[in-house]
Amino acid sequence: MTELSPRPYILVGIDGSRSSLDALTWAVHEAQGRNLPLRLVHAVDYGNFVMGFNPAPSESFFKYVETAGQKFLDEARADVQAMDLDVEVSLHNVAGRPADVLLEQSKDAILTVVGSTGLNGLTGLLAGSVALTLTAHGHSPVVVVRSPGAHAGGPVVVGVSGAPDSEDAIGWAFEEASLRGANLVAVLVSSYVPAYFDYVEPTWEELPGPAREDQQAMLLAERLAGWQEKFPDVAVRRVVAAGHPGHVLLDYAQRAQLVVTGTRGHGNLTGWFLGSTSHRLIQHASCPVLVARPHARESSS
């Protein structure tokens, strides 16, 4: 293992939590499979210590915080070394708000990887806000990891819709399935529910509108056709389901090693409310979740 970090790289947020080390484990295997370096970043928001009614922290306290951050990074590097894999690693202890730091560093990343939970306050990637900020505004696809080895022999699952960003999700899903030698389950969810019903949890059998299963099956086949030609080694199972996209994908996530979604959708024929769906997956899926974005996937080949 060397201490180089050529571009592009896989970016990993490190905060000393068990969750961030789980994210690192996932990222190490991804980096090895893609022959890419890892950039491990710890961010400390010093502004947190001078706000409110707290007395001004001493210089020694700031030094302690900086040293603690470097310790987290050193421990993370040791974990990578213990895996005995040929992966390049660079360490970066950066001052700033964690979300802002990772957003900036994601500009040159192929993937940004964070844990699903973090330490609070002075050290941490607050997984809720940071993960959601990254999935909404990051410059690279974002992987949120809860259990890196969950369902290791399971398929990769991708949510498919008629939205343009679904193409990125499909592409990443095929690539990840090929990289892992896994089957791919492509799921198109048809719901016909207006967006304001998203959190109302209606009874689907009582909602009006035809199923149009044939149309949905045709749409799914069209969306996958070119990618199946590009990745002939990937066995694909097509699924057209009715219901709430978040609920349906969470069910498939119970048996998957990775779930891939796009960044957003549209509440039209395909019923893909991806903002809330991706949030639901990030917070509740039992496997890692990759929120895809347009990126130069070819550079990682």
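## Exercises on helix 5 and its surroundings

**Exercise 1.** Helix 5 has 15 residues; what span should they cover at 1.5 Å a residue, and how far apart are the end C-alpha atoms?

*Solution.* At 1.5 Å a residue, the expected span of helix 5 is 21 Å, and its end C-alpha atoms lie 21 Å apart, so the two values agree. Keep in mind as you work that this is a predicted model. The helix covers residues 166–180. Just after helix 5 comes G181, with a positive phi of about 65 degrees.

**Exercise 2.** Decide how far helix 5 is enclosed by the rest of the structure.

*Solution.* Begin with the cut-off: a residue is buried under 20% relative accessible area. By that test 11 of the 15 residues of helix 5 are buried, so the helix is largely enclosed by the rest of the structure. Among the buried residues are W172, F174, E175 and E176. Hold on to F174 and E175 for the next two exercises.

**Exercise 3.** Find the aromatic pairs, and say which residues form one aromatic cluster.

*Solution.* Step one is the geometry: a pair of aromatic rings is described by the distance of the centres and the angle of the planes. Ring centres must lie within 6.5 Å, and planes under 30 degrees apart count as stacked. This gives two aromatic pairs. In one of them, F174 and F231 are stacked, at 6.0 Å centre to centre with 25 degrees between the planes. That pair links distant parts of the chain, 57 residues apart: F174 is in helix 5, while F231 is in the loop between helix 6 and strand 8. W227 and F231 also make a stacked pair, because their centres are 6.4 Å apart and their planes are at 20 degrees. Step two is to join the pairs: F174, W227 and F231 form one aromatic cluster. As for burial, F174 and F231 are both buried, and W227 is buried too.

**Exercise 4.** Which helices does the salt bridge between R34 and E175 tie together?

*Solution.* Start with the contact: the side chains of R34 and E175 meet at 2.3 Å, N to O. Next, place the partners. R34 lies in helix 1 and E175 in helix 5, so the salt bridge ties together parts that are 141 residues apart in sequence. Then check burial: R34 is buried at 6% relative accessible area, and E175 is buried at 12%. Finally, widen the view: E30, R34, E175, E176 and R180 are linked in a network of salt bridges.

**Exercise 5.** R18 and D22 form a salt bridge; is R18 buried or exposed, and is D22 buried or exposed?

*Solution.* The closest N and O atoms of R18 and D22 are 3.4 Å apart. Both residues sit in helix 1, four residues apart, so about one helical turn separates R18 and D22. An α-helix has 3.6 residues a turn, so residues three or four places apart point the same way. R18 is exposed at 53%, whereas D22 is buried at 18%.

**Exercise 6.** Where do N35 and D84 lie, and what is the sign of phi in N35 and in D84?

*Solution.* Most residues other than glycine have a negative phi. N35, in the loop between helix 1 and strand 2, has a positive phi of about 55 degrees although it is not a glycine. D84, in the loop between helix 2 and strand 3, also has a positive phi, near 55 degrees. To finish, look at accessibility: N35 is exposed at 70%, and D84 is exposed at 69%.

Conventions
Residues numbered from 1 in each chain as written. Predicted model: local features only at pLDDT ≥ 70, side-chain atom pairs only at ≥ 80, totals over all residues. Heavy atoms only, no water. Phe/Tyr/Trp six-rings, centres within 6.5 Å; stacked < 30°, edge-to-face > 60°. Buried < 20%, exposed > 50% of the residue type's maximum accessible area, 1.4 Å probe, protein only. Expected span 1.5 Å × (residues − 1). Salt bridge = Lys/Arg side-chain N within 4 Å of Asp/Glu carboxyl O.
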